[in-house]
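This report looks at aromatic contacts, one helix and the internal space of a protein chain. Please read it with the sequence and the 3D view at hand.

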Amino acid sequence: MKNDLLLRALDGKLVERPPVWMMRQAGRYLPQYMKLRERYSFFERCATPELACEITLQPVDIIGVDAAILFSDILVVPQAMGLEVQLIESKGPFLPNPIKSYADLKRVSVPDVHEKLGYVEEAIQLIKKELNNRVPLIGFAGAPWTILCYMVQGKGSKTFDEAKSFCFTQSQTAHQLLQMITDTTIAYLNAQVIAGADVIQIFDSWGGLLAPADFEAFSLPYIQQIVTAIKGKAPVIVFAKGAWYVLDKMAVTGAKALGIDWCIRPQTARKMAGDGITLQGNFDPAKLLLPIPQIQKEVKLMLAEFGTERYIANLGHGILPNIPVDHARAFVDTVKEWNPRNR
Ligand code: 1CP
């Protein structure tokens, strides 16, 4: 690997400077992505290895990030399990026949991932070839709780109240569904690693909607199963947005890194997670709308707070579609030019 900063940071090894990448780095803020978006539907872009490969490489070539992340979506998992998933322009994901009861479980199954998601394996093989060991490739999946949110609620939501009440009132059914999602996800991530993914990230985007005890009941045990199944094969990053209150619990799952959003101070996160794990984050994506000199100033403040050891510079959540490309590049360049001895 020519640039192995990410792998070294995950391993707790010495680095000259922290590696940097951005969640949702392949996406709508890039004009090159928007061009492909005019011609192909979202799931066409995901399911065509050549398109997924081209989109994955865009931020590596255009922005110069230290890692590529597979272009796909967490919702290909419920799709592979048998639920119809649509992506509606400017509205987001829509699942017309969500899971509401025990009887609905009959409509989903743990699929043969090679048969249903073989296109992802092909995309990864192609991306690895095109990357030619320039930077590592991150594969990913949603955490089972976040996937359940969409399978039950049927669409995006600020509260995912229907998904939560499903867990609270029909816990046995919820746990059965969570286990099916977990089994599918483990098979899927194993296939990603075999195809060539160097690192795996688990996105629990809605973890922070749960009370600590509910997170420990409905999310953490399933994340734990996934980490246990993958660790040793590839380093795992767990990003549970908003769930800062369980950083200590997540730190002992065997994950190599924990993602954090901007709602926790780096020092607090470090205290909670301990010294034996890498932290990733936590720049507020909305700050990329600031003028470039201010972005540079804010990024330097963040870097000084995290320090160089066991740290991956990233945003605290996905980049927004209205971020100017040169602002995204300023974020990445400020990290790349960082010299901790020469602030
Ligand atoms: O062009 C478009 O309008 C599609 C927008 C889009 C994109 C670019 C969607 C629909 N998904 C993606 C790609 C994607 N999704 C990646 C690609 C790799 C990258 O560059 O990072 C990844 C990692 C995801 C993961 C994902 N999808 C998450 C977890 C991360 C997060 O941001 O919290 C979630 C929650 C989804 C669901 C989803 N898919 C798409 C949208 C707009 C959403 C969010 C909907 C919601 O807010 O509920």
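In this predicted model, Tyr-33, Phe-42, Phe-43 and Phe-71 are joined by ring pairs into a cluster. A search across the whole structure gives 12 aromatic pairs. One of them can be described in detail: the ring centres of Tyr-150 and Phe-160 lie 5.3 Å apart with their planes at 75°, and because an angle over 60 degrees counts as edge-to-face, the pair belongs to that class. Tyr-150 sits in helix α7 (residues 144-153), whereas Phe-160 belongs to the loop between α7 and α8 (161-169), so the contact ties together parts that are 10 residues apart in sequence. Both partners, Tyr-150 and Phe-160, are buried.

Helix α9 covers residues 171-195, and its 25 residues, at 1.5 Å a residue, should span 36 Å; the C-alpha atoms at its ends are 35 Å apart, which agrees with that expectation. After α9 comes Gly-196, which has a positive phi, near 135°.

Turning to internal space, the count comes to 1 cavity of 30 Å³ or more, and the largest cavity holds about 50 Å³ of space. Its lining is made up of Ala-240, Gly-242, Ala-243, Trp-244, Leu-247, Met-250, Gly-259, Ile-260, Asp-261 and Ile-264. The table divides these lining residues by class.

| Class of lining residue | Number in the largest cavity |
|---|---|
| Nonpolar | 7 residues |
| Polar | 2 residues |
| Charged | 1 residue |

Asp is counted as charged and Gly as polar, so Asp-261 is the charged residue of the lining, and Gly-242 and Gly-259 are the polar ones.

Notes: Residues numbered from 1 in each chain as written. Predicted model: local features only at pLDDT ≥ 70, side-chain atom pairs only at ≥ 80, totals over all residues. Heavy atoms only, no water. 1 Å grid on protein atoms, 1.4 Å probe; cavity = no way out; pocket = protein on both sides within 12 Å on 5 of 7 lines; lining within 4 Å. Points joined across faces, edges and corners; volume = space filled by probe spheres on them. Helix = DSSP H or I, 4+ residues; strand = E, 2+ residues; numbered from the N terminus. Expected span 1.5 Å × (residues − 1). Phe/Tyr/Trp six-rings, centres within 6.5 Å; stacked < 30°, edge-to-face > 60°. Buried < 20%, exposed > 50% of the residue type's maximum accessible area, 1.4 Å probe, protein only.
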